[in-house]
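Welcome, and thanks for taking a look at this protein and its ligand. Please have the sequence and the model open side by side as you read.

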Amino acid sequence: MENSVLHDLDPGSLRIDPMALFDKQWFLLTSGDFAAGRYNTMPVSWGSLGTVWNKPFVQVFCRPQRHTYRFMKTFPTFTLSAFRPACREALQLLGGKSGKDGNKIVESGLTPVAAQRVAAPTFAEAELVFECNKMHAQFLDPKGFQTPAIEANYPSQDYHCVFFGEILAVRGVSSYAAE
Ligand SMILES: Cc1cc2nc3c(=O)[nH]c(=O)nc-3n(C[C@H](O)[C@H](O)[C@H](O)COP(=O)(O)O)c2cc1C
């Protein structure tokens, strides 16, 4: 697959559509330690980008049965990586299998590579990468649901763990840089 030249980008001036990035393009959420060879990844389409505690941050939602959740719980950093449409099949494969059942990353054809500021890896084929330090993690409490319909997402009561990550670095192809 084609490699991309990524530039350091300012998180405060990106040319992105956060809703489309999550909902349409999807991210790979990757946690663990690349140097130690311990990491896992999965696609996520629920999340947000913004500001909290005066820091640029991302928020991702991870159900507890995901293999990736174990890494998110254990390791202090994670990355979010976005890809061009040519990698869509790889993302679908990574979202249809669990890392606990075999090496789905090898099967996907994507190439894990070291990130620049965090231990969690990203991928050589990524066109946009957020490198994050875990700031907060908490399971959703259904007592907080203000709209009863939300409960329909949880027939097995497997409420997401919501992770906040401080964005330590953003790298991307030049089209993601604000002019
Ligand atoms: C497009 C797409 C978006 C997804 N978004 C999420 C998400 O936001 N949160 C989540 O917990 N699972 C999400 N999933 C499901 C996981 O990616 C999927 O269960 C994956 O196989 C888990 O892999 P793992 O067990 O190796 O962690 C999504 C799957 C797809 C295909």
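Which residues in helix 2 are buried? They are Thr-68, Tyr-69, Phe-71 and Met-72, where buried means that 20 or more other C-beta atoms lie within 10 Å of a residue's own, exposed means 12 or fewer, partly exposed is in between, and C-beta atoms are placed from the backbone. Seen down the axis of helix 2, these buried residues fall within an arc of 160 degrees, so they line one face of the helix; the arc is that of the directions from the helix axis to the C-beta atoms. Their cover includes strand 2 (27-33), strand 3, strand 5, strand 6 (77-82) and strand 10 (161-172).

A word on the model itself. It is predicted: local features need pLDDT of at least 70, side-chain atom pairs count only at pLDDT 80 or more, and totals for chains, interfaces and linings use all residues. Residues are numbered from 1 along each chain as its sequence is written.

**The fold as a whole**

The protein chain has four helices and ten strands, in the order β-α-β-β-β-β-α-β-α-α-β-β-β-β along the sequence. Helices (H or I, at least four residues) and strands (E, at least two) are DSSP runs, numbered from the N terminus. The radius of gyration is 16 Å, close to the 16 Å that the globule rule gives for 179 residues, so the protein chain is as compact as a globular protein of that length. That radius is taken over C-alpha atoms, and the rule is 2.2 Å times the number of residues to the power 0.38. Along its principal axes, the C-alpha trace spans about 45 × 40 × 30 Å.

Of the 179 residues, 34% count as buried. Among contacts with a separation of 6 or more, 71% come from residues 24 or more positions apart; a contact means that two C-beta atoms, placed from the backbone, lie within 7 Å.

**Around the ligand**

The ligand is surrounded by 18 residues, and the closest are His-67, Thr-68, Gly-95, Ser-98 and Gly-99. To be near the ligand, a residue must have its C-beta atom, placed from the backbone, within 6 Å of it. Strand 3 (38-44), strand 5 (55-62) and helix 2 (67-74) each give two or more residues to this shell, with the largest share, four residues, coming from strand 3.

**Helix 3 and the core**

Helix 3 (residues 88-96) buries Ala-90, Leu-91 and Leu-94. Down the axis of helix 3, its buried residues fall within an arc of 100 degrees, so they line one face of the helix. They pack against strand 2, strand 3 and helix 4 (104-108), while Arg-88, Glu-89 and Gly-96 are exposed on the other side of helix 3.

The largest nonpolar core has 39 residues, and those with the most contacts inside it include Leu-29 and Leu-91. Such a core is a set of buried Ala, Val, Leu, Ile, Met, Phe, Trp, Tyr and Cys residues joined through C-beta atoms within 7 Å. Not counting residues up to four places away in sequence, Leu-29 touches Thr-41, Met-42, Val-44, Val-60, Thr-68, Phe-78 and Leu-80.

**Two positive phi values**

Two residues other than glycine deserve a look at their backbone.

| Residue | Phi | Loop | C-beta neighbours inside 10 Å |
|---|---|---|---|
| Trp-26 | near 70 degrees | between helix 1 (18-25) and strand 2 | 21, buried |
| Gln-157 | near 55 degrees | between strand 9 (128-139) and strand 10 | 7, exposed |
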